[in-house]
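User: Please take a close look at the salt bridges in this one, and then at the helix packing. I'd like one connected walk-through rather than a list.

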Amino acid sequence: MNRYFREFSVAGALAVLLVALAIFAPGFYQPQPLLSLATREAPTLVVAGGMALVIICRQIDISVGSLFSVCSVGAGLLAARHWPLALVLPAAVGLGATLGAVNGLLVAGLRLPSIVVTLAMMVTLRQGLNLVRQGRFVDLPEGLQWFGLSQPAGQWLLVLAALALLTALAWGMRHLAVGRFVYAIGSDAEAARLAGLRPRWGTFLVFVLLGALTGLAALMNVVQSPQVQPLSGSGLELKVIAAVVVGGVAISGGRGNLWGAFAGLLLLACIAPALTHLRVEAYWEKAIQGAIILLAVVADGIRSRRPAR
Amino acid sequence: MTVSSPLGHTSSRDWKALLRCHEMLLLYVLVAEWLFFYFAGTSTNRRGVLIGFGTLDRQFDVLRHSCEIGLLALALTPVILTGGIDLSVGSLLGLCAIVFGKLWHDGGLPIPLAATLTLALGAAAGGLNATLISALRLPPLIVTLGTYSLFRGLAEAITHGSVTYTNFPAGFLALGQERWLGLPAQAWLFAAVALCLWALVHRTTFGRSFRAIGFSPEGARYAGLPVGRNLALVYVIAGAIAALAALIYTARLGQAKADAGTGYELFAITAVVLGGTSIFGGTGSIPGTLLGVAAIAVLKNGLACLPVVMRLNAAEEMSGLLTGALLLLALAGSVMSRMVSQRHPRRRPRASRPSPHLPA
Amino acid sequence: MNTLLLRLGLTAGLLLAGAARTTAADAKILVAMLPKSKGNAYHMSCVAGAQRAARDLGVDFIFDGPTDSNAAKQNEIVENWITLGVDVIAVAVENSEGLSTALRKARQRGIPVVTYDADAQTDARSFFVNQATPVGIAHALMDEAARLLGGEGEFAIILATLTAANQREWQKEIEARWKEKYPKMKLVAVRPCDDLKDKAQSEATALMSAHPQLGLIMAICSPAVPGAAEAVKQAGKVGRVKVIGLGLPSENRRYIKEGVTNTVILWKTEDLGYLTVEAAVALVKGTLKPGATSFSSRTLGTFKIEGDNILLGKPFAFNQGNIDQFNF
């Protein structure tokens with residue numbers, strides 16, 4: 001129980017919020033809006049999975065928002081040129097993976113600090129996109145929305161795909177050697193190296209994976225509506241990092257799991273609709289978000305200050 | 001991060017040499033940039049007036065526009081030296097700005113009193129960061145990520161997002177808009193803060209402890225340094241300086257609004273890292289940060305003066321792109337020089353005791 | 001080694017600078033335009049109209065604007081232009097009190113100032129090219145909402161951010177009109193979307209589920225209109241929840257044709273940009289002086305000047321009937 005204290009406490013906080021909503025705003029629990037909320041958050045969940053891996057590796061990537069924007073616009077432009085979805089999907093993932101590889105090369109290859117590398121990447125990508133696109137929306141062809149399926153089918157497909165991906169990642173982290181490898185790098189890269197693993201290679205791959213997942217998430221976002229706004233990834237990095245950290249993944253690396261990140265994301269994603277349902281004014285949103293992040297981290301700190309048994 | 005060599009122990013002279021090298025390179029970059037923009041960005045307009053980068057007004061503008069970010073960068077340098085980070089300084093600027101406005105406008109307090117209380121608020125908010133980071137030993141990145149949202153959220157909640165405080169008395173606005181003894185008024189304040197921080201970081205034992213703590217907190221603790229207290233104080237100082245930056249911002253714009261300072265923290269961190277301070281802590285200097293701020297400010301302002309950039313209407317994007325590229329180059333450069341010096345270790349007088357790795 | 005680097009750097013700099021040096025004194029007037037944001041399609045379409053005017057009038061034209069949410073950016077850009085010696089500045093003001101400081105300085109240096117889309121303080125500019133007064137815009141929106149709901153029902157507003165000055169002004173005027181003329185209607189919520197279409201969609205979904213009686217969503221920032229429309233469509237409430245807002249025809253065309261969005265209110269953005277540049281150039285040349293009561297454009301006709309507001313006209317309502325005639 002103690003080992004998963006953080007994950008359970010986040011789940012507990014989420015449960016409290018959901019119960020409060022059930023009592024004070026039962027209107028929250030309608031199938032269609034909930035499905036819409038889940039579908040909206042599915043791409044974020046995918047990115048959160050990748051980000052959790054990066055943070056467990058004791059790195060960080062604050063360029064995911066700009067990466068997401070670039071991949072969204074790229075996928076949108078390709079689709080607008082009538083590329084079939086079967087080609088747009090690998091193109092988006094590939095673009096994301098390539099940009100992630102740039103991050104990975106700089107961090108693992110040149111051993112530059114990841115926060116600064118991804119900061120530079122974020123600024124460069126965002127300004128580059130602005131230069132090219134100037135805020136114009138990309139109009140998508142008719143058949144692209146929901147992969148060409150009906151809306152409910154498309155929504156369920158996206159939600160289930162995100163959950164499946166998360167499950168696969170979580171399972172891989174727990175049961176595959178590669179997963180242990182990631183935890184090892186995050187706990188102590190030097191010890192991992194002495195044990196015969198290759199931490200730099202692992203770090204590089206983790207950034208590539210996050211980039212690929214971001215590209216996939218961008219495509220999942222693109223198929224949800226008939227237009228792409230170039231600003232669409234704005235603020236994603238903050239959301240995802242907060243969700244992952246609230247969910248128990250330690251920023252110092254080596255600890256945490258993906259289900260915690262899932263719970264953290266749900267908690268933070270429910271704040272805005274909860275405020276609407278509870279008739280609370282919108283300007284409290286950021287303060288509440290910040291308070292939740294701090295509470296989560298303080299809970300971490302207090303727990304680790306208890307004398308070890 | 002030690003530059004170790006099998007031939008002998010690392011001497012502190014290596015560190016200093018490396019540091020000097022980075023700052024000197026940055027100085028060359030700064031001078032080269034400045035000269036380039038001076039020659040390429042200055043001309044006369046159709047009315048025969050000298051315009052562009054070379055005018056004194058533009059130089060003063062460069063100073064004025066970079067004061068608040070410069071102050072934040074100065075505030076962040078001790079924090080980053082200790083191996084921490086503070087993402088909340090921009091949001092704290094916004095919160096302090098509107099609290100100042102509220103105290104003066106709604107509270108009716110005289111400006112000096114409102115300003116003092118605002119500085120106290122800044123220090124207290126820094127104290128919140130300090131308590132969580134130092135007393136509870138929480139990771140600075142996440143704590144300040146939380147306070148980044150919290151402070152901005154409080155600023156929005158207090159003003160309901162929309163309230164703006166304006167019509168400050170001319171005496172106060174002079175701080176941001178007028179000149180004093182030839183230089184913009186806020187430049188004097190900035191210089192004073194820079195001087196104090198330089199003395200603090202480089203000449204006091206308190207300041208020396210920052211790099212020691214950043215290099216190895218445990219080592220510093222065993223060496224008897226009051227790590228907890230010093231860590232806490234750097235965040236409090238950062239908070240107070242952010243409050244001062246808020247006052248200057250409000251004076252420069254003539255208005256206090258909840259979105260003040262949005263995005264400033266990333267610029268400040270860029271300037272600090274560009275200036276040679278390692279994000280991991282342990283190395284860095286105040287002059288380096290000042291050079292970093294200057295390099296970015298000159299780049300931004302100079303680009304906006306180049307005819308080529310003006311034709312493309314892309315001053316903002318170009319400066320963002322080039323700042324990102326400059327940052328990466330600076331980082332790569334410092335890593336390369338480290339790798340080079342590791343491959344070709346300089347001849348050094350043999351240490352008095354033989355290295356344990358070589359046969360005696 | 002260090003001196004060599006220094007010498008190399010200086011030489012390179014001088015060479016580059018020599019190659020890039022401008023020829024002296026361009027004889028053309030230089031108009032500088034400052035939209036609120038470069039990443040916003042509405043503002044960029046105003047700029048497109050302005051560029052056309054510059055070509056027609058034979059003047060030089062530059063523009064710059066914040067790409068992110070940095071509130072002080074507009075001030076810095078204006079101050080940059082002062083030292084660049086531009087001939088006239090045209091600006092869509094984000095922070096009225098804050099930017100007025102810089103604009104007054106420009107006027108002191110002999111650079112005339114014209115504002116468009118959102119105004120500064122009156123002593124900071126010569127004229128304001130007003131596409132429609134905030135009151136006019138708010139009344140158009142509120143009246144349209146009332147018409148669609150038959151004078152009674154619940155409605156909600158989605159705006160860009162809680163800090164944007166003109167958004168809040170429109171909201172204030174909308175509420176004033178609502179309270180004054182339509183007591184049977186009820187404003188249930190005001191939510192920000194951070195200028196993001198996707199966030200507007202989430203907000204609209206939450207609004208519809210939190211307020212089951214909601215009859216209309218009023219989206220007063222341009223990315224929010226297609227976002228809200230998509231939310232209504234996905235909720236299956238087309239027709240039951242009406243969508244109106246301020247936005248570009250091009251972004252809303254699909255939804256208007258499908259009947260999801262009922263009305264989009266705007267003005268001819270390219271005309272606004274065009275007129276602004278014409279007014280700016282006239283100001284520099286002295287053909288437009290304070291106290292004038294009308295202004296003649298080359299191609300757009302004659303416009304009334306009320307005080308120092310050059311009025312483009314009334315807001316224009318795009319709906320299913322006329323959407324195909326416009327492609328901006």
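Analyst: First, a bit of vocabulary: a residue is buried under 20% relative accessible area, exposed over 50%, and partly exposed in between, using a 1.4 Å probe and protein chains only. This is a predicted model, where local features need pLDDT of at least 70 and side-chain atom pairs count only at pLDDT 80 or more, while totals for chains, interfaces and linings use all residues. Residues are numbered from 1 along each chain as its sequence is written, chains are lettered from A and ligands numbered from 1 in the order in which they are written, and side-chain values use heavy atoms, leaving out hydrogens and water.

On to the salt bridges. Each one is a side-chain nitrogen of Lys or Arg within 4 Å of a carboxyl oxygen of Asp or Glu. Over all chains, the search turns up 30 of them.

Start inside chain A, where A:Glu41 pairs with A:Lys239, with the closest N and O atoms 3.4 Å apart. That pair ties together distant parts of the chain: A:Glu41 sits in helix 2 (residues 31-56) of chain A and A:Lys239 in helix 10 (residues 236-246) of chain A, 198 residues apart. Helices here are DSSP runs of H or I with at least four residues, strands are E runs of at least two, and both are numbered from the N terminus. A:Glu41 is buried at 13% relative accessibility, whereas A:Lys239 is partly exposed at 30%.

Now for a bridge across chains. C:Arg254 reaches A:Glu142, closest N and O atoms 3.9 Å apart. It runs from helix 9 (residues 249-258) of chain C to the loop between strand 1 (138-139) and helix 6 (151-175) of chain A. C:Arg254 is partly exposed at 23%, and A:Glu142, at 64%, counts as exposed.

Helix 9 of chain C also holds C:Lys257, whose partner C:Asp324 lies in the segment after strand 14 (316-318) of chain C, 67 residues apart. Their closest N and O atoms are 3.0 Å apart. C:Lys257 is partly exposed at 44%, but C:Asp324 is exposed at 53%.

There's a network to look at too: salt bridges link A:Glu285, C:Arg191, C:Asp194, C:Lys199 and C:Glu203.

That leaves the helix packing. Two packed helices are described by the angle between their axes and the distance between the axes. Axes are lines fitted to C-alpha atoms, for helices over the stretch in contact, and angles run from 0 to 180 degrees between N-to-C directions.

Between chains, helix 5 (residues 114-133) of chain A and helix 11 (residues 264-274) of chain B have axes that come within 11 Å and cross at roughly 125°. Helix 5 of chain A is therefore oblique to helix 11 of chain B; the cut-offs are under 35 degrees for roughly parallel, over 145 for roughly antiparallel, 65 to 115 for roughly perpendicular, and oblique for the rest. A:Val116, A:Leu119 and A:Met122 meet B:Leu266, B:Ile269, B:Thr270 and B:Val273, where contact means heavy atoms within 4.5 Å.

Within chain B, helix 2 (residues 56-81) and helix 7 (residues 185-203) pack at about 15°, axes 10 Å apart. So helix 2 of chain B is roughly parallel to helix 7 of chain B. Residues in this contact include B:Leu63, B:Arg64 and B:Cys67 from helix 2 of chain B, with B:Phe190 and B:Leu197 among those from helix 7 of chain B.
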